[in-house]
Amino acid sequence: MATNLHIIYWSGFYHFILVEFSVDRTGKVTFSGILLLMTLQVSWLLSCAESQEPTYQAPKRNNQASQKNPGQQTGIQQGANPLNAGGVQGTQGTISQGQQSGSQDSQGTSSAVNIGEEPSGDQLSVSELNSLLSSWAQKAPGLLSYAKYGNVNGQDASFLRITGKSSQNLPKVMVTAATHGNEQITTTILISVFYKMISQYGKDAAITEIFDTRDVYFVPAVCPDAYENNTREADGQDPNRSFPYPGEEQGSPSKCISAIMKLFNDKKFNATIDYHAQGGMIMYPWAYQSSEVGEHNQAYKTLSKKVADAANYQWGQILDLVGESPGSSADYYHWQGNKSGSNTVALGVEVAGDVSSDIGSHLKALPIFLKDAPTASFWLSEGLAPEPPPFIPPPGFVRGME
Ligand SMILES: [Zn+2]
């Protein structure tokens, strides 16, 4: 009777050698065979899977007409410069070419969803807010998902993600409310706007196209701790003056701002829009200085005017409208996003302050932003950007408290 002996030699990162000998009764050892076994480390496999997920490549920004490449990267047909096209277009666009093989059902159609009762318009607590968005996601799992991305002083920071088809390789857009915790009206307005937009998915062609060609993140309360306490300050300071900015590269962000910065840098958003209250304005960087944002300025002016016209708001550079505001959100998203290659287009909004008319305004304006902002670079060579009109402070507007 022979006894088998095995010697295993770990010979490298993902393979080993097995050598087999047999020993007979006299003690004689005979070599039987050698086997090279391949194995794979689980962590290595996972890292490969992660690195292979394609991500959207933001278009390069410059003033060369040859860089214009309408539609091909996004599935949305780029219209002519909106000024040439006769101004603002509503949400009655048309579904463009390609990308009609959806994930909503086996037929590839973008099916309508039912996410329950329309929100009452009452102000919600953070936990009520998170329960509501979570319940929407459970009712429309093919279109919506919900996740918490942090906990700030005991309050969950979360987002609702809306994307109707494969989210891979789509432009990412972030819509944020209540960076100032006492501006809960921005959350109330956007909850209703998103409810109405989501309820039109699979019914309205333009809304369906937007959610099928964009990866949208809605953060209902950037500073959930301040939101819960109804305070402008977070961690004893103005959170929207605590972002890093050029020349102040570290900053000393409030905890809620650190959390949204991490989300922004993890997801690499191509466009952001941050809602504040109030004054009825659409604004573009910079806030920390008055100089223009380089070659992006044409796109910013054109986009801001288009969004503002739809909302019936004023528009202009943040510094001109609300005063010098170093450390604010749009500056950070624009600055950081352009350093990282995401080419982020970042706007700020001041809602007018009337919930029902603001909901109407942003039902028109937000779809335009979601569709146009990630591709605003295509307008740069037109050279037709308008100049902001003189700012007329609305009644009751107090600079520095917006
Ligand atoms: Zn604010």
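Angles between helix axes are classed as roughly parallel under 35 degrees, roughly antiparallel over 145, roughly perpendicular from 65 to 115, and oblique for the rest. This is a predicted model, in which local features need pLDDT of at least 70 and side-chain atom pairs count only at pLDDT 80 or more, while totals for chains, interfaces and linings use all residues. Residues are numbered from 1 along each chain as its sequence is written.

Select α3 (residues 184–199) and α10 (residues 355–372), two helices (DSSP runs of H or I, at least four residues, numbered from the N terminus) that pack at an angle of about 55° with their axes 9 Å apart. The axes are lines fitted to C-alpha atoms over the stretch in contact, and angles run from 0 to 180 degrees between N-to-C directions. The two helices, α3 and α10, are therefore oblique to each other. For the contact (C-beta atoms, placed from the backbone, within 7 Å), display residues including Ile 185, Ile 189 and Val 193 of α3 and Ile 359, Leu 363 and Leu 366 of α10.

Next, colour the largest nonpolar core (buried Ala, Val, Leu, Ile, Met, Phe, Trp, Tyr and Cys residues joined through C-beta atoms within 7 Å), which has 95 residues. Its largest share, eight residues, comes from α3. Centre on Phe 218, one of the residues with the most contacts inside this core; among the residues that Phe 218 touches are Phe 159, Leu 190 and Phe 194.

Finally, go to Ala 58, in the loop between α1 (42–51) and α2 (126–139). Ala 58 is buried (20 or more other C-beta atoms within 10 Å of its own), with 24 such atoms, and touches residues including Asn 270 and Gly 341.

Technical notes
Contact = placed C-beta atoms within 7 Å. Buried ≥ 20, exposed ≤ 12 C-beta atoms within 10 Å, placed from the backbone. Lists of a residue's contacts leave out its neighbours within four places in sequence.
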